Structure formats: C-alpha cells, structure tokens
Amino acid sequence: RSAVVSLYLTNPGTSCNPDPNSCSATSYKTKGTLAFQSATGGSGAAGTFETDDNGVVTSVTLAAGGSGYTSRPSVSFLGLPCPNGATVVATIGMGGLGCQDS
C-alpha cells in the first residue's frame, strides 16, 4: 500500500478575466484546498493550491501523503475562483511524505 508522494500541475487553467490587461479587471487571486478521491482505497492525503490575480493556478503543495492508496487518486480543486480547466496529477509510492526509517 502506498501514499501520495508528489503532485504535478499538468494544466494551470485559463484566466478568469475576459480581459486580464484591463485596469478594471477583477482580482481572482486565492488559496484553496485539494480533494483526493480514490475508487480503490486510501485516505488522508491533503494539499493546497494558489492562483494568481487572473485565477490561473500557480502552485500546488502536498501537505500530507495519507496511506493505503493502491492506485493514483484523482485530485480536484476546492475553491477555484472559476471553472478554468486546471488539472493536477498525484503520484503514489511507498513510504509517503516525510517518512523516515529509524
């Protein structure tokens, strides 16, 4: 059984602003959480993301790897400022985030 060991931002999404260069453009900068779903088991993975002023995802961070994953979980963004098509892929491996042998 494995844990989530890394995240890869495969598509940062598109701008939420119809005209991002406009002086009156709305700021869509935000921070949110990532949700991990697995049909084959596993739990406890947690992560966060940040967007720029246009709502484009600029970073994803794995906070906890969880355990018991037998296949790659799907990851979704909770709190995106607009449905912009952003995607992130989780990778699983043995041990998990921060695991150390004694």
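Student: Let's start at the beginning of the chain. Where does S2 lie?
Tutor: This is a predicted model, so everything here is read off computed coordinates. S2 isn't part of a strand run; its place is the segment before β1.

Student: Is S2 buried or exposed?
Tutor: The cut-off for buried is under 20% relative accessible area. S2 comes in at 12%, so the verdict is buried.

Student: Which residues is S2 in contact with, once neighbours within four places in sequence are left aside?
Tutor: Some of the partners sit at S67, G68 and Y69. M94, in the segment after β6, is one of the others. The full list is S67, G68, Y69, I92, G93 and M94.

Student: And M94 itself, buried or exposed?
Tutor: Exposed means over 50% relative accessible area. M94 has 65% relative accessibility, so M94 counts as exposed.

Student: How far apart are the C-alpha atoms of M94 and S67?
Tutor: Both residues are among the contacts of S2. Along the chain, M94 and S67 are 27 residues apart, and their C-alpha atoms are separated by 9.1 Å.

Student: Zooming out, what pattern does the protein follow along the sequence?
Tutor: The secondary structure comes to 0 helices and 6 strands. Read in order, that gives β-β-β-β-β-β.

Student: What share of the contacts with a separation of 6 or more comes from residues 24 or more positions apart?
Tutor: A contact here is a pair with heavy atoms within 4.5 Å. Among contacts with a separation of 6 or more, the share from residues 24 or more positions apart is 68%.

Student: How many disulfides does a search of the whole structure find?
Tutor: The pair in question is C16 and C82, with sulfur atoms 1.9 Å apart. The cut-off is 2.5 Å, and the search of the whole structure gives a count of 1.

Student: Which parts of the chain does that pair link?
Tutor: C16 and C82 are 66 residues apart, so to speak of distant parts of the chain is fair. C16 is in the loop between β1 (3-11) and β2 (31-37), and C82 is in the loop between β5 (74-78) and β6 (87-93).

Student: What's the handedness of the disulfide?
Tutor: Look at the torsion about the S-S bond of C16 and C82. That torsion is about -85°, so the disulfide is left-handed.

Student: G85 is in the loop between β5 and β6 too. How far is G85 from T14 in space, C-alpha to C-alpha?
Tutor: G85 is partly exposed, with a relative accessible area of 44%, and touches N11 and G13 beyond its sequence neighbours up to four places away. G85 and T14 are 71 residues apart in sequence, yet their C-alpha distance is 6.8 Å.

Student: Now the inside. Which residues touch the most other members of the largest nonpolar core?
Tutor: In soluble globular proteins, nonpolar side chains tend to be buried together. Here the largest core has 15 residues, and those touching the most other members are V4, L7, L34, F36, V60, F77 and V88.

Student: Which element gives the largest share of this core?
Tutor: Two or more residues come from each of β1, β2, β3 (43-51), β4 (57-67), β5 and β6. The largest share is 3 residues, and its source is β4.

Student: Which residues does V60 touch, not counting those up to four places away in sequence?
Tutor: V60 is one of the core residues that touch the most other members. Its partners are L7, L9, L34, T48, F49, F77 and V88.

Student: What about S6 in strand β1, buried or exposed?
Tutor: S6 touches L62, V89, A90 and T91, with residues up to four places away not counted. Its relative accessible area is 16%, so S6 is buried.

Student: Last one: how far apart in space are S74 and C23, C-alpha to C-alpha?
Tutor: S74 is in strand β5 and counts as partly exposed at 40% relative accessibility. Beyond its neighbours within four places, S74 is in contact with A35, F36 and Q37. C23 is 51 residues from S74 in sequence, and the distance in space is 37 Å.

Methods. Residues are numbered from 1 along each chain as its sequence is written. This is a predicted model: local features need pLDDT of at least 70, side-chain atom pairs count only at pLDDT 80 or more; totals for chains, interfaces and linings use all residues. Side-chain values use heavy atoms; hydrogens and water are left out. Helices (H or I, at least four residues) and strands (E, at least two) are DSSP runs, numbered from the N terminus. A nonpolar core is a set of buried Ala, Val, Leu, Ile, Met, Phe, Trp, Tyr and Cys residues joined through side-chain atoms within 4.5 Å. Buried means under 20% relative accessible area, exposed over 50%, partly exposed in between (1.4 Å probe, protein chains only).
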